[in-house]
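User: I am new to this structure and would appreciate a guided reading of it. Please proceed by question and answer.

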Amino acid sequence: MAEILIDTDTDTHTGPTTGGSKPIAEYGLLSDCNTAALVARDGSVDWLCLPRFDAPAVFSAILDSDAGHWSIRPAGEFTSERRYADGTLVLETIFTTDSGTVVLRDALAFSDGQRGHDIGLDAPHELLRFVECTAGSVDLVLELAPRPEYGLVRPLFRATEDGGRTFGGPNQIAVRASVPTHIHESTMRAAFSLTVGESAGFSLRWMAPDDRNAPDPTAPSAVAARIADTIETWRSWEAEHSIYDGPHRDLVRLSSRVLQGLTARP
């Protein structure tokens, strides 16, 4: 899994998702110090356990292409580059097409305003995704297929006013989107276009089945700000631990973030 530890990845991948297994080097790591997600170079979240590292996976396409994923990518041919926002495990994927460029930012959220050694306490169990067009215009597609219990369950997935939510079983999720979506056979899909300066926000939150007062996922209009706060949380933690100033300093710093991200904070 050494490839996940590289801060910038400028190798490119061309074309839409074609299915099948991907090498581990295709994936970047997200963490809220309670669980982790793996995001492929083509914008697909292919692994996510909620709410903890040892919970059954909601997305596990890394094991089986039918076992759940959440992809956001250009509709046609594209190339992609990846990097972590400096000092963080917030992943940025840059998609370039013949018509334009978009940046997809992905993060597992921390509690709002959390800083320093409190990192990971009372995590909201929420995945945030924000895509912004930085040049030209790009047609994009979204496909969200929750498959709890490592793909053994196709949940009842119903539309809500601005997204959808699942019902039944121990792993329930709610989703909000800033673009119109539709749900068919337990899979949410959307097709939308962004021109330069336009953006779209998405949020997915885990809910305990017996929690009738569970908060809604972050409003799509607030996703960018929540990701920015998550970036500041990671940087505040690193500022308290950045004491090494020798060779390969950036890789050492990244390794420390990965170790922190793989540590169960509770």
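Analyst: The following exchange considers a predicted model, beginning with one strand and continuing with salt bridges.

User: How many of the five residues of strand β2 are buried?

Analyst: Strand β2 covers residues 27-31. On one side lie Tyr27, Leu29 and Ser31, and on the other Gly28 and Leu30; both faces are covered. The strand is largely enclosed by the rest of the structure, because the number of its residues that are buried is five of the five.

User: Which residue in β3 stands opposite Leu30?

Analyst: Strand β3 comprises residues 36-40 and runs antiparallel to β2, with five bridges joining the two. Together β2 and β3 form a hairpin with four residues between them. In this pairing, the residue of β3 that stands opposite Leu30 is Ala37.

User: What is the phi of Cys33, in the turn of the hairpin?

Analyst: Cys33 belongs to the turn between β2 and β3. Its phi is positive, at about 65 degrees.

User: Is Glu92, which forms a salt bridge with Arg105, buried or exposed?

Analyst: The closest N and O atoms of Glu92 and Arg105 are 3.3 Å apart. Glu92 lies in strand β8 (residues 91-96) and Arg105 in strand β9 (residues 100-108), 13 residues apart. The relative accessible area of Glu92 is 9%, and the cut-off for a buried residue is under 20%. Glu92 is therefore buried.

User: Which residues are linked with Glu92 in a network of salt bridges?

Analyst: The structure holds 19 salt bridges. Glu92 and Arg105 form one of them. The network that contains Glu92 also links Arg83, Arg105 and Glu132.

User: Which residue of the salt bridge between Arg226 and Asp112 is exposed?

Analyst: The side chains of Arg226 and Asp112 meet at 3.7 Å, N to O. Arg226 is in helix α2 (residues 223-239), whereas Asp112 is in the loop between β9 and β10, and the two are 114 residues apart. Arg226 has a relative accessibility of 12% and counts as buried. With a relative accessible area of 61%, the exposed residue is Asp112.

User: How many residues apart in sequence are the parts that Glu126 and Arg205 tie together?

Analyst: Glu126 and Arg205 form a salt bridge whose closest N and O atoms are 3.9 Å apart. Both residues are buried. Glu126 lies in strand β10 and Arg205 in strand β16 (residues 199-207), so the pair ties together parts of the sequence whose separation in residues is 79.

Terms used: Residues are numbered from 1 along each chain as its sequence is written. This is a predicted model: local features need pLDDT of at least 70, side-chain atom pairs count only at pLDDT 80 or more; totals for chains, interfaces and linings use all residues. Side-chain values use heavy atoms; hydrogens and water are left out. Buried means under 20% relative accessible area, exposed over 50%, partly exposed in between (1.4 Å probe, protein chains only). Two strands pair if DSSP finds at least two bridges between them. A salt bridge is a side-chain nitrogen of Lys or Arg within 4 Å of a carboxyl oxygen of Asp or Glu.
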